[in-house]
Structure formats: structure tokens, C-alpha cells
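The following exercises concern a single protein chain. Each task is followed by a solution that proceeds step by step.

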Amino acid sequence: MNTIAQTDDETAALALLKSTKLPLLEAAQVACAAVRAGRGRVKRALRCIAAGEEELKRQERTVTFDKAVEEALEARKHRRARTLCDFRYVTRRFMKRCPGLARRRVRSITPQECAAYIDAAFETPRQRQKARLTLSGVFSTAMKLGWCSENPVARVEAPRVVEKTVPILTPEEAEQLVQAAREYKGGICLPAVGLMLYAGIRPHEVARLTWADVDLPGKRVNIAPQHSKTGGARPVTLLRPALQLLRTAQAPAPQRICPSQWLRHWRAVRQRAGWNRLTRPWQQDICRHSYASYHAAHFRNLHDLQLQMGHRSTELLRTRYLNLPNEEEATIYWTSGCRRLRESCA
């Protein structure tokens, strides 16, 4: 039987391939691939192998989803308590409604899976829109920490939300609310109700204000960034009904405008005015929408209203806020409160 003589280099190469403990053919294939990547140059092939090893380590560095949520919360610890509460609620609901998500490695989660998680955990388009933003925040933090190479939520289409016009209070209903606030516990909620009805300030923003934020001589209230829902400062002009309500109940500057346990008192005022869950449910943000609608109908200045509301443009006003009453109703809204206040003080 004929045998082929091997050189010393060939014998050494064969021994080297055997030392890898791989089948000889597979070891040779790997060696050939490295040489091709190095374009036939040994040093370049070795650099390719080293670079590939580092990249593989980077790709394998990741954590489970629940750990990524913890880090995302830690990165947002400076945010307001309500913001953190919403973030916790959404992420917990994801992990509760989507079995196995908590232990999934974030680097392995695909855009298609993110879309399925959002659909499984939330029902309405607006809920899914908020859930998408929260989920994106988790992956954004994971990217910064090197736990994933991209944010898969960026490739998930945002749910389309069809804006619906929110109903507004009639002038008579606004008066009922003011009267109920005046009669409830000596009027402790009256300034806050006045700011919501006649300055368009949100209930949670009002709860953060003190009398130091109110400039009665300058006829405005200053919403600081830490008090605003959107994080932007804005001065709000105090029109006559709001001014008169505030002047009847002004307290020392450091004191909060709202009483402690504000939301409980606010709910009691609404119930006193006739709203209840069964026959006359309260519409969230109806005071703010009423302010915007009556302001637009009476003063006819959307640009000024946009600034008062703290919006970036007038688009949201046009699509969601404006349920325009007629001019007579708008006039009654802005004047009847003043008239009633004068009558009660007479």
C-alpha cells in the first residue's frame, strides 16, 4: 500500500488540529474560514478571531427582563412619584399578563414579540400607546448598559389613537361645583376648584402648588417644571372668576393650596355637587376641557390658549379639547361665577 510522505510542517499542523478535540474536518474548516477572513494573512486572521471573540462576549452580555425593569426604575428615581407609580404598574402588568417574560433575556426579545406583549397585556389603543412608551423606556436603559444592541420597540408601530371630544360642563354645572366647594368644610377646596375651572390647571398639578406660586397682583399662577405634568414651566393668567375665588381664601405663602388628602376631598366635593358613579359619572379632565372650550369661544385666541394650557402647538386643542359652546354660554361661564361670588359676599 502506497503512503504519502508528510513534511514536518504537515505533521505538526495535523497534530495541532487534533489537539482541538474537534473532528479533523471541522477543525480544518474553522481554520480555513479564519484564513479567508484574514484575506490570506495570518496576523489579520488572528485579529479577526480576537475581534469576533470580543463582539460575541458583548452580544452574550445581557440580563433578564425583570432585572432590566429594576435598572430602568433606578435610572428614573428622580422622577415624580406618580410617574414612577405608572411605570411600575405598566411593567408589572406586562410580566403578569405575559407568562415567561420576566425571565426572558432582553437581548433575545424581538420586535414581533414586543408587539405581541403589548397586545396581550393591554386592551385599548390609548393603553397600548402608553405601554409601548414604557416598554421602550426599559429597552432604552438596557441599551445604555450594554444589555442589548437595539431597542426592539422602535420597530413596533405605535397604536393609532382616534381622539374623541371630551364633554364639558355647562355654566350651571360649573356653578354647582363652585357652590359645593364653598359649602364643603368651610371652603377648603374652593381655591383649587377655582384654578381647575377658570385656569385649566390639572388636579395633580393643583395638588403640588403652594400660595407662593400664586401672584395675585400680577394676576397669574406659576406652574414650575416639577409641578407640571409634562415637565415644562408655564405661567397661567388668572382671569376674573379665578382671581375672585383666590382672593377670598388666600393663605400664607408656604402653605399648599389644596388640603391634605386632596383627592379624597375633591371626590367629596363632586359628590356634593351631584356627581356619582352610577347615574352621573365624573369625566376625567372635564374641568380643564371646559376651561379650554369656553376660553376659545369667548376670547377667540387659540395661540394664547395654547400657552395657558402648556401645549407645544394648537393641534391638540383642535383635535381633542375644543367642544365649542355658543358665545352666550361662554359669556355666562366667565361672568356668572363672578356674579354668584358677589352675591354670596353681599
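**Exercise 1. The end of helix α7**

Task: State which residue just after α7 takes a positive phi, and then characterise the helix itself.

Solution.
Step 1. In this predicted model, the residue just after α7 is G146, with a positive phi of about 80°.
Step 2. Helix α7 spans residues 125-144 and has 20 residues. From its first C-alpha to its last it reaches 29 Å, close to the 28 Å expected at 1.5 Å a residue.
Step 3. The buried residues of α7 are A131, R132, T134, L135, G137, V138, F139, T141 and A142. To interpret such a pattern, recall that an α-helix has 3.6 residues a turn, so residues three or four places apart point the same way.
Step 4. The cover over these buried residues includes α4 (65-75), α5 (81-97) and α6 (111-121).

**Exercise 2. A helix for comparison**

Task: Determine how far α2 reaches from its first C-alpha to its last, and identify the residue with positive phi that follows α2.

Solution.
Step 1. Helix α2 comprises residues 24-37, which is 14 residues.
Step 2. Its reach is 20 Å, close to the 20 Å expected at 1.5 Å a residue.
Step 3. R39 follows α2 and has a positive phi, near 55°.

**Exercise 3. The sheet**

Task: Establish the order of the strands in the sheet and explain why one side of β1 and of β3 is left without a neighbour.

Solution.
Step 1. Three strands form an open sheet in the order β1-β2-β3, with antiparallel pairing.
Step 2. β1 and β3 stand at the edges; each has a single partner strand, and therefore one side of each lacks a neighbour in the sheet.
Step 3. Strand β1 (residues 214-215) is joined to β2 by two bridges, and V214 has V221 as its bridge partner in β2. In the hairpin of these strands, four residues lie between them, and K219 takes a positive phi near 55°.
Step 4. Four bridges join β2 to β3 (residues 234-237). Here N222 has P235 as its bridge partner, while V221 stands opposite V236.
Step 5. In a regular strand the side chains alternate between the two faces of the sheet. In β2 (residues 220-223), V221 and I223 form the covered face, whereas R220 and N222 form the uncovered one.

**Exercise 4. The nonpolar cores**

Task: Identify which residues touch the most other members of the largest nonpolar core, and which helix gives the most to this core.

Solution.
Step 1. In soluble globular proteins, nonpolar side chains tend to be buried together.
Step 2. The largest core has 52 residues; L177, V193, L195, L197, Y198, V221 and L238 touch the most other members.
Step 3. The elements that each supply at least two residues of this core include α8 (171-183), α9 (190-199), β2 and α16 (327-345). Helix α9 gives the most, with eight residues.
Step 4. Leaving aside residues up to four places away in sequence, V193 touches L177, V178, A181 and W266.
Step 5. A second, separate core of 28 residues includes L84, F87, L135 and W147. L135 is also one of the buried residues of α7.

**Exercise 5. The whole chain**

Task: State how many helices and strands the protein has, and what percentage of its residues is buried.

Solution.
Step 1. The protein has 16 helices and three strands.
Step 2. Of its 346 residues, 39% are buried.
Step 3. Among contacts between residues at least 6 apart in sequence, 66% join residues at least 24 apart.
Step 4. The protein exposes about 20,400 Å², and carbon and sulfur atoms supply 53% of this area.

Conventions. Residues are numbered from 1 along each chain as its sequence is written. This is a predicted model: local features need pLDDT of at least 70, side-chain atom pairs count only at pLDDT 80 or more; totals for chains, interfaces and linings use all residues. Side-chain values use heavy atoms; hydrogens and water are left out. Buried means under 20% relative accessible area, exposed over 50%, partly exposed in between (1.4 Å probe, protein chains only). Two strands pair if DSSP finds at least two bridges between them. A nonpolar core is a set of buried Ala, Val, Leu, Ile, Met, Phe, Trp, Tyr and Cys residues joined through side-chain atoms within 4.5 Å. Contact means heavy atoms within 4.5 Å. The expected span of a helix is 1.5 Å times one less than its number of residues. Accessible areas come from the Shrake-Rupley method with a 1.4 Å probe; for residues, only the protein chains shown count as cover.
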